[in-house]
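Please read this note with the model open beside you. It is written as numbered points that can be checked one at a time.

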Amino acid sequence: MSAPLSAPGENFRIDGDRLWDSLMEMAQVGPGIAGGNNRQTLTDEDAEGRALFQDWCLAAGCTMGVDTMGNMFATRPGTDPDALPVYVGSHLDTQPTGGKYDGILGVLGGLELVRTLNDLGVKTKRPIVVTNWTNEEGTRYAPAMLASGVFAGIHTEDWAKARVDAEGKAFGDELKRIGWEGDEPVGARKMHAFFELHIEQGPILEAEGKDIGIVTHGQGLWWLEVTLTGKDAHTGSTPMNMRVNAGLGMARITELVHQIAMEAQPDAVGAIGQVNVYPNSRNVIPGKAVFTIDFRSPEQEKLDAMRARLEAEAPKIAEELGLGIAIEPVGHFDPVTFDETCVGALRDAAERLGYSHRDIVSGAGHDACWMNKVTPTAMVMCPCVDGLSHNEAEEITKDWAKAGADVLLHAVVETAGIVA
């Protein structure tokens, strides 16, 4: 057998037009109302997107495996059947008003990597596996990165499958309903390394005119779900001093969250995200409010301190207003430091290809954060216009997508080993 080579040449690049066409075709599945996508996890649209991805992978000569959490693994074989594979991928699910690139670029960039190797007749020592992780977004089923979290042993499968959406539909039931519950045990696969390509979801790369972000660290996160319980009452006939207004409590806690994050600067953020007010009628004082708080920081001590302060001060607000309160953690991961060797492979690739780049900390959670617990992992990012994401107006350029996929190609192939 021929020996693996150390690195591909600088003229070794993906087909940017083909990658872009794939992104645009996938965007036709679950279109949003304003040019983006609504392809939430375990919906019929998700099933359709999965089927399209599988068709493309099979056409590229891959075999497809699916585990019992619905994670998809498209394998291009290597020349050494005993070598652990190099994994690459992200997610195909979107926010309710999501863009065409968040997650999708990482999955289809991995597919384009395989197609490019096929075009060039290049073999690698290690297999390459393109992955679609289930429910990365966490918008329908909290927490985010749910299925990769089960894979990494963060959550149990039974707990994950028992999670319910706003309509009371269980994750496990919906996975079966759309026909994408596989038979592979979750987490049984062993990896040599994992790489994820993603849009930045922030404004730094575009503002600085950089082609590539080499992700060295990821922010930690706490998601806290707060339930305030008051009393439904008529807005017109209930005196102001006799109201038990859950909506007012939510408003004051919203101010508290902002204050906590501002006083934890630098490198800390916090906001109220998902909000449900009951009975949500224009002439009824809210008797119940359920909402999520999102705190993030790359510093563990600061992250935990923000949560602790919220849990200490929010109950005082509730007590002043006569409200009941419950606070439940519904999502968490510690700050992440990505693998130096994998990060170095991405940095070397950007240098070799002549792309401008800088190190960056990811402000968002990604499946790579969980994979980092089970295998050497790194991420590469491309800019997005105005840093806008989780929005149908999310946009990138074809050149940005190509640059990110080129760097991914080089780092993955170098790690997998080209066989001459």
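The points below concern a predicted model, and they go through annotated sites, a buried arginine, some backbone features and a pair of helix contacts.

1. Begin with the record. The unreviewed UniProt entry gives a "binding site" annotation to His-91, Asp-102 and His-198. These residues are spread over 108 residues of sequence, yet they cluster in space, with a largest C-alpha distance of 9.8 Å. From this set, Asp-102 is part of the lining of the largest cavity.

2. Where does Asp-102 sit? Its place is in the loop between strand 4 (86-90) and helix 3 (104-120). Asp-102 counts as buried because its relative accessibility is 5%, and the cut-off for buried is under 20%. Setting aside residues up to four places away in sequence, Asp-102 touches nine residues that can be found one by one: His-91, Asp-93, Glu-137, His-198, Ile-199, Gln-201, Ser-389, His-390 and Glu-394. Two of these, His-91 and His-198, also carry the UniProt "binding site" annotation.

3. His-198 is in a strand, namely strand 7 (residues 193-199). With a relative accessibility of 1%, His-198 is therefore counted as buried. Beyond its neighbours within four places in sequence, His-198 is in contact with Ser-90, His-91, Asp-102 and Gly-103, and also with His-366, Met-379, Val-380, Met-381 and Cys-382.

4. Gln-201 deserves a look alongside Asp-102. The side chains of Asp-102 and Gln-201 are joined by a polar contact of 3.2 Å. Gln-201 lies in the loop between strand 7 and helix 7 (204-208). Its phi is positive, at about 65 degrees, although Gln-201 is not a glycine.

5. Another positive phi is found at Met-145, which is also not a glycine; the value is near 50 degrees. Met-145 is in the loop between strand 6 (128-132) and helix 4 (146-151). A relative accessible area of 2% is why Met-145 is classed as buried.

6. Arg-76 is a charged residue to check with care. It is found in strand 3 (residues 72-76). Arg-76 is counted as buried because its relative accessible area is 10%. How far away is the nearest side chain of opposite charge? That side chain belongs to Asp-119 and is 9.0 Å away, and Arg-76 has no salt bridge. The reasoning is short: a salt bridge needs the charged atoms within 4 Å, so a distance of 9.0 Å does not qualify.

7. What does the side chain of Arg-76 make a polar contact with? One partner is the side chain of Asn-118, at 3.0 Å. In addition, a polar atom of the Arg-76 side chain lies 2.7 Å from the backbone oxygen of Val-122. Both partners appear in the list of residues that Arg-76 touches, which leaves out those up to four places away in sequence. Also in that list are Cys-62, Val-114, Leu-117, Lys-123, Thr-124, Pro-127 and Ile-128. As a distance for orientation, the C-alpha atoms of Arg-76 and Ala-170 are separated by 33 Å, and the two residues are 94 residues apart along the chain.

8. The unreviewed UniProt entry also places a domain, "Peptidase M20 dimerisation", at residues 219-319. In the model, the chain over residues 219-319 is 37% helix and 34% strand. The C-alpha atoms at the ends of this stretch are 33 Å apart.

9. Two cis peptide bonds should be inspected. The bond from Gln-265 to Pro-266 is cis, with omega near -5 degrees. Pro-266 is placed in the loop between helix 8 (246-262) and strand 11 (269-278). The bond joining Tyr-278 and Pro-279 is cis as well, and its omega is about 5 degrees. Pro-279 lies in the loop between strand 11 and strand 12 (284-285).

10. Last, turn to Arg-352 in helix 10 (residues 340-353). Arg-352 counts as partly exposed because its relative accessible area is 23%. Its side chain makes a polar contact of 3.2 Å with the side chain of His-410. Arg-352 and His-410 are 58 residues apart along the chain, while their C-alpha atoms are separated by 9.1 Å. A polar contact of 3.5 Å also joins the side chains of Arg-352 and Glu-414.

Notes. Residues are numbered from 1 along each chain as its sequence is written. This is a predicted model: local features need pLDDT of at least 70, side-chain atom pairs count only at pLDDT 80 or more; totals for chains, interfaces and linings use all residues. Side-chain values use heavy atoms; hydrogens and water are left out. Helices (H or I, at least four residues) and strands (E, at least two) are DSSP runs, numbered from the N terminus. Buried means under 20% relative accessible area, exposed over 50%, partly exposed in between (1.4 Å probe, protein chains only). Lys and Arg count as positive and Asp and Glu as negative; His and the chain ends are not counted. A polar contact is a pair of N or O atoms within 3.5 Å; within protein, one must be able to donate a hydrogen and the other to accept it, and residues adjacent in sequence count only if both atoms are side-chain atoms. Contact means heavy atoms within 4.5 Å. UniProt positions are given in the numbering used here, feature names are shortened, and annotations may be inferred rather than shown by experiment. On a 1 Å grid over the protein atoms alone, a cavity is a set of points where a 1.4 Å probe fits but cannot get out, and a pocket is an open set with protein on both sides within 12 Å along at least five of seven lines; lining residues have an atom within 4 Å of a point.
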